[in-house]
Amino acid sequence: MARLNQAGVAMQGAALDTHTGASLDDLPVSSWLSFDPEAGFYQSRPWLEFVERTAGRAVAYAWVTDQGRTLGVLPVYEPTRPGSGYALADLGGADSASGPVAVCGNRRGYRNEILARSLPAASETGRAALAGLAEAAQAICDQKGWSNLVFPYLSHEYATALRQALPHAIPLLSKLDANIDIAGRSFDEYVRGLGGKRADVVSNEIRRFERAGYATAVERLTDCWDEVGPLVANVQQRYGHDDTAESCRQDLRAMSEQFAGHDLVFTARRGGKLIAAAVFFHWNDTLAGRVVGFDYANLAGAMEYFNLYFYQPISYACEDGVTRMLFGLGSERTKQLRGAQLSGLWTLAVGPAVSAGLVDWRARNAVMRERLTKSAQVNEARLSDVVW
């Protein structure tokens with residue numbers, strides 16, 4: 001495996017070369033051409049640039065190449081405060097530990113697809129690439145004096161491969177990810193595929209929404225971020241977050257600038273006034289859902305959430321060649337009833353505070369598995385940790 005010198009310049013190893021840099025500009029432009037077109041939205045350069053604008057710059061980037069071809073990219077972020085979603089207590093539970101942890105991989109997304117799309121994590125080369133990235137991440141954190149680090153949003157395959165490179169890391173079952181494979185279906189085929197009762201529910205929800213008389217459209221976030229922002233803040237505040245109309249406006253404006261041409265907003269208006277909206281991004285063959293917003297006082301009670309976050313985007317996907325839809329975290333049962341497949345997301349945590357605070361991590365994972373399987377009917381194999 002390649003080793004890094006103090007300046008971060010790659011040194012030749014037996015097969016792969018590992019590099020580090022302080023800026024996205026240090027990575028070759030060709031690095032971004034080979035990442036997974038499905039989950040790759042959250043590994044794309046525009047997304048990492050968006051994170052830098054809104055959540056802080058990565059302290060370093062590590063990447064692995066094979067004869068000049070980039071096999072994987074890993075940003076490393078400084079530790080964040082409790083409550084940010086990335087402190088150890090947020091990821092491992094309140095009793096896991098109180099110390100800060102550096103974040104290796106995606107922030108503000110919910111997928112951590114580190115390797116190029118043609119390179120399975122479980123393959124020999126995939127495992128070697130992940131080992132090189134893990135080694136580089138640990139070296140970066142050692143230089144910064146950060147003894148604890150986490151790799152969030154990992155699929156079971158990634159977590160398994162990474163743990164082979166980090167045998168002392170603790171795997172934590174964290175969340176459920178939801179996605180729908182369109183697989184060339186029409187919207188009618190999607191509805192029929194839900195089965196009799198579910199298909200009837202969906203059809204009724206669509207009819208109820210249509211009877212409400214909203215004017216619907218697919219708009220560009222570039223053109224409506226200022227209207228959408230307060231509606232998103234309404235939702236965030238309802239669920240206990242401290243977002244404001246202005247903070248949501250600025251966040252959406254940054255997204256619209258970063259992803260111009262990929263931004264989609266499914267809207268419902270009455271008399272020209274925006275009542276409800278769902279923000280998505282069309283990236284390669286994937287449609288990724290981000291946020292919804294509602295003017296609660298003026299909703300018609302016509303299943304607006306289901307229509308704007310599911311049915312209209314799915315209809316768009318069926319018509320526009322989208323192969324997969326990413327719906328993110330939370331509301332697992334709701335998403336599953338509308339055709340989403342659920343799979344476990346894992347966090348790998350490593351360091352002295354991690355080991356001290358998570359001595360009974362297997363029992364903790366068993367409790368989490370039971371909780372997740374009760375919240376939604378999940379394929380048990382997707383939550384397995386039998387290799388651990």
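1. In which helix is the place of Glu227? In this predicted model, Glu227 sits in helix H7, which covers residues 221-238. With a relative accessibility of 30%, Glu227 counts as partly exposed, and, once residues up to four places away in sequence are set aside, Glu227 touches Arg269, Gly272 and Leu274. A further distance can be checked against these contacts: the C-alpha atoms of Glu227 and Lys273 are separated by 8.9 Å, although the two residues are 46 residues apart along the chain.

2. On the overall fold, the protein chain contains 12 helices and 12 strands. Its radius of gyration is 21 Å, close to the 21 Å that the globule rule gives for 388 residues, so the chain is as compact as a globular protein of that length. The C-alpha trace spans about 65 × 45 × 40 Å along its principal axes.

3. On packing, buried residues make up 54% of the 388 residues in the protein chain. Of the contacts with a separation of 6 or more, 73% are accounted for by residues 24 or more positions apart. The protein chain exposes about 16500 Å², and carbon and sulfur atoms supply 48% of that area.

4. On charge, the protein chain carries 39 positive and 43 negative side chains. The centres of these two sets lie 5 Å apart, a value that a reader setting up electrostatics may wish to have at hand.

5. On aromatic residues, the count comes to 25 aromatic pairs. One of them joins Tyr42 and Trp47 in an edge-to-face arrangement, with 4.8 Å from centre to centre and 85 degrees between the planes; Tyr42 is buried, and so is Trp47. Both residues belong to one aromatic cluster, whose members are Phe41, Tyr42, Trp47, Phe50, Tyr110, Phe259, Phe281 and Trp283.

6. How many degrees lie between the planes of Phe280 and Tyr309? The angle is 40 degrees, at 5.2 Å centre to centre, and this aromatic pair is tilted. Phe280 lies in strand S9 (residues 273-283) and Tyr309 in helix H9 (residues 304-319), so the pair ties together parts that are 29 residues apart in sequence. Phe280 is buried, and Tyr309 is buried as well.

7. Tyr309 merits a separate entry. At 5% relative accessibility, Tyr309 counts as buried, since the cut-off for that class is under 20%. Leaving aside neighbours within four places in sequence, Tyr309 is in contact with Ala278, Phe280, Gly289, Arg290, Val292, Phe327 and Lys335, so that its ring partner Phe280 also appears in this list of contacts. By way of a longer distance, Tyr309 and Asp242 are 67 residues apart in sequence and 23 Å apart in space, C-alpha to C-alpha.

8. On backbone geometry, two residues deserve a look in the torsion plot. Phi of Gln67 is near 55 degrees, a positive value in a residue other than glycine. Gln67 is found in the loop between strand S2 (60-66) and strand S3 (69-77), and, at 80% relative accessibility, Gln67 counts as exposed.

9. Is Met303, the other residue, buried or partly exposed? Its relative accessibility is 26%, and Met303 therefore counts as partly exposed. Met303 has a positive phi of about 60 degrees although it is not a glycine, and it lies in the loop between strand S10 (286-294) and H9.

10. Finally, Gln341 has its place in strand S12, which covers residues 341-350. Gln341 is partly exposed, with a relative accessible area of 41%. For a long-range distance, Gln341 and Val191 are 150 residues apart in sequence and 15 Å apart in space, C-alpha to C-alpha.

Note on methods
Residues are numbered from 1 along each chain as its sequence is written. This is a predicted model: local features need pLDDT of at least 70, side-chain atom pairs count only at pLDDT 80 or more; totals for chains, interfaces and linings use all residues. Side-chain values use heavy atoms; hydrogens and water are left out. Helices (H or I, at least four residues) and strands (E, at least two) are DSSP runs, numbered from the N terminus. The radius of gyration is taken over C-alpha atoms; the globule rule is 2.2 Å times the number of residues to the power 0.38. Buried means under 20% relative accessible area, exposed over 50%, partly exposed in between (1.4 Å probe, protein chains only). Contact means heavy atoms within 4.5 Å. Accessible areas come from the Shrake-Rupley method with a 1.4 Å probe; for residues, only the protein chains shown count as cover. Lys and Arg count as positive and Asp and Glu as negative; His and the chain ends are not counted. The place of a charge is taken as NZ of Lys, CZ of Arg, CG of Asp or CD of Glu. Rings of Phe, Tyr and Trp (its six-membered ring) pair if their centres lie within 6.5 Å; planes under 30 degrees apart count as stacked, over 60 as edge-to-face and the rest as tilted.
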